[in-house]
Amino acid sequence: MTIKKGAGIILLLLLMNTAGAYSEQSATYVGLKKCAPCHPNISNSWQNTRHAKAIDSLKKSGQETLPACVKCHVTGYELDGGFIDYELTPEMAGVQCEVCHGPGSEHVASPMTKKIVKESGAALCRQCHTQGQDPGFDYAVKAKNVHGN
Ligand code: HEC
Ligand code: HEC
Ligand code: HEC
Ligand code: HEC
């Protein structure tokens with residue numbers, strides 16, 4: 001009994017330590033405005049994509065406050081630095097860079113040493129382009145113009 005209890009505590013400490021190390025490293029969402037100065041061309045062309053206008057689609061029907069809708073039409077929903085609601089975090093509306101490239105705080109602080117995720121793959125798209133929302137989703141076709149033109 002005593003041995004088991006001791007081992008359990010050590011295991012718990014190990015787990016806590018690992019979790020701490022991860023949270024120290026994990027980046028947070030910062031929003032497009034932070035990316036634009038260093039990536040002006042992509043940021044401009046992205047404005048012409050439907051991802052950029054995703055919140056407008058909800059506004060048309062007054063549904064930009066419905067969590068069931070916004071979760072796929074915004075950036076970093078309910079994650080650190082990400083979209084909370086349209087009143088508090090309007091700058092995180094729309095499907096921005098960090099949806100596909102991951103939270104960017106560390107890359108923004110030191111772009112040469114902190115790589116941001118380069119590519120996402122079909123699985124990431126499928127979080128929102130689900131079978132129900134977008135039955136005909138074809139990654140090869142739809143990823144061609146992710147940054148607009
Ligand atoms: C201070 C300038 C700066 C800011 C701010 C910045 N970047 Fe970068 N980014 C760079 C540089 C420089 C590179 C090229 C790094 C290299 O080649 O090693 C880069 C590369 C990238 C790449 C390609 C990574 C790869 O492996 O090829 C992506 C994607 C990217 N940035 C996305 C973003 C996003 C998203 C944001 C906003 C959250 C952002 N960047 C903000 C300077 C910046
Ligand atoms: C956070 C959710 C989310 C993710 C992840 C996401 N999208 Fe989207 N995407 C949307 C929404 C929402 C729209 C519709 C925007 C509108 O018109 O209001 C959309 C629209 C599009 C469109 C234009 C309409 C269409 O279906 O042809 C393309 C193309 C597209 N996405 C490609 C992609 C690709 C490729 C990926 C993965 C690399 C991806 N998306 C990841 C939410 C997402
Ligand atoms: C699971 C993710 C997801 C959820 C939840 C979601 N959407 Fe979307 N929405 C998408 C994607 C992906 C697209 C683009 C698909 C396409 O164009 O084929 C889209 C497109 C749209 C469009 C543009 C349609 C067009 O063709 O112009 C509107 C409007 C829209 N959604 C409204 C809503 C509303 C309202 C809700 C809540 C009731 C909602 N969405 C919930 C992912 C989602
Ligand atoms: C819908 C997903 C999606 C969004 C949104 C998105 N990207 Fe990308 N990005 C990709 C994919 C996929 C690639 C890889 C393309 C390739 O290798 O051909 C990429 C590649 C890149 C690269 C490296 C290659 C290059 O084209 O220079 C940079 C830098 C970059 N993205 C920055 C951005 C910035 C900045 C934004 C926001 C303004 C953004 N991306 C928005 C999916 C996305």
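How many disulfides does the count come to in this structure? In this predicted model, the count comes to zero disulfides, a disulfide being a covalent bond between the sulfur atoms of two cysteines. Two of the cysteines may be set side by side in terms of their accessibility: C38 is exposed, with a relative accessible area of 61%, whereas C125 has a relative accessibility of 17% and is therefore counted as buried, the limit for that class being under 20%. Cysteines recur in the ligand surroundings described below, where C38 is listed among the closest residues to ligand 1, C69 and C72 among those closest to ligand 3, and C97 and C100 among those closest to ligand 4.

The surroundings of ligand 1 comprise 17 residues, of which the closest are C35, C38, H39, H107 and K115. Two histidine side chains are placed at polar-contact distance from this ligand: an N or O atom in the side chain of H39 is 2.8 Å from a nitrogen atom of ligand 1, and a polar side-chain atom of H107 likewise lies 2.8 Å from a nitrogen atom of the ligand. Two or more residues of this shell are given by each of helix 2 (32-35), helix 6 and helix 7, and the greatest share comes from helix 6, which gives three residues. When the shell around ligand 1 is divided by class, nine residues are nonpolar, four are polar and four are charged.

Of the residues closest to ligand 1, H107 can be described in further detail. This histidine is located in helix 7, which spans residues 105-109, and its relative accessible area of 18% places H107 in the buried class, because that class takes in values under 20%. Once neighbours within four places in sequence are left aside, the contacts of H107 are with H39, K114, K115 and I116. Two of these partners, H39 and K115, are also listed among the residues closest to ligand 1.

Ligand 3 is surrounded by 13 residues, and R50, Q63, C69, C72 and H73 are the closest of them. Here the polar contacts involve an arginine and a histidine: an N or O atom in the side chain of R50 is 3.0 Å from an oxygen atom of ligand 3, while a nitrogen atom of the ligand lies 3.1 Å from a polar side-chain atom of H73. Helix 4 (54-60) and helix 5 (67-73) each supply at least two residues of this shell, with helix 5 giving the most, namely five residues. The shell around ligand 3 has five nonpolar residues, five polar residues and three charged residues.

Around ligand 4 there are 16 residues, the closest being H51, C97, C100, H101 and H147. The side chain of H101 has an N or O atom 2.8 Å from a nitrogen atom of the ligand, and for H147 an N or O atom of the side chain is also found 2.8 Å from a nitrogen atom of ligand 4. At least two residues of the shell are supplied by each of helix 3 (40-46) and helix 6. By class, eight of the residues around ligand 4 are nonpolar, six are polar and two are charged.

Apart from the ligand shells, several residues of the loop between helix 5 and helix 6 (97-101) were examined, beginning with G76, which is located in that loop. G76 is buried, with a relative accessible area of 8%, and although G76 and Y29 are 47 residues apart along the chain, their C-alpha atoms are separated by 6.6 Å. Not counting residues up to four places away in sequence, G76 touches Y29, G82 and F83. T89 lies in the loop between helix 5 and helix 6 as well and is buried, its relative accessible area being 8%. A polar atom of the T89 side chain lies 2.8 Å from the backbone nitrogen of I84, and the residues touched by T89, again without those up to four places away in sequence, are G82, F83 and I84.

F83, which is touched by both G76 and T89, also takes part in an aromatic pair, of which the count comes to one. The partner is Y77: the ring centres of Y77 and F83 are 6.4 Å apart and their planes stand at 40 degrees, so the pair is tilted. The two residues fall into separate accessibility classes, F83 being buried with a relative accessible area of 1% and Y77 partly exposed with a relative accessible area of 21%.

Notes. Residues numbered from 1 in each chain as written. Chains lettered and ligands numbered in written order. Predicted model: local features only at pLDDT ≥ 70, side-chain atom pairs only at ≥ 80, totals over all residues. Heavy atoms only, no water. Near = heavy atom within 4 Å. Polar contact = N/O pair within 3.5 Å; in protein donor to acceptor, adjacent residues only side chain to side chain. Helix = DSSP H or I, 4+ residues; strand = E, 2+ residues; numbered from the N terminus. Nonpolar A, V, L, I, M, F, W, Y, C, P; charged D, E, K, R; others polar. Buried < 20%, exposed > 50% of the residue type's maximum accessible area, 1.4 Å probe, protein only. Contact = heavy atoms within 4.5 Å. Disulfide = S-S within 2.5 Å. Phe/Tyr/Trp six-rings, centres within 6.5 Å; stacked < 30°, edge-to-face > 60°.
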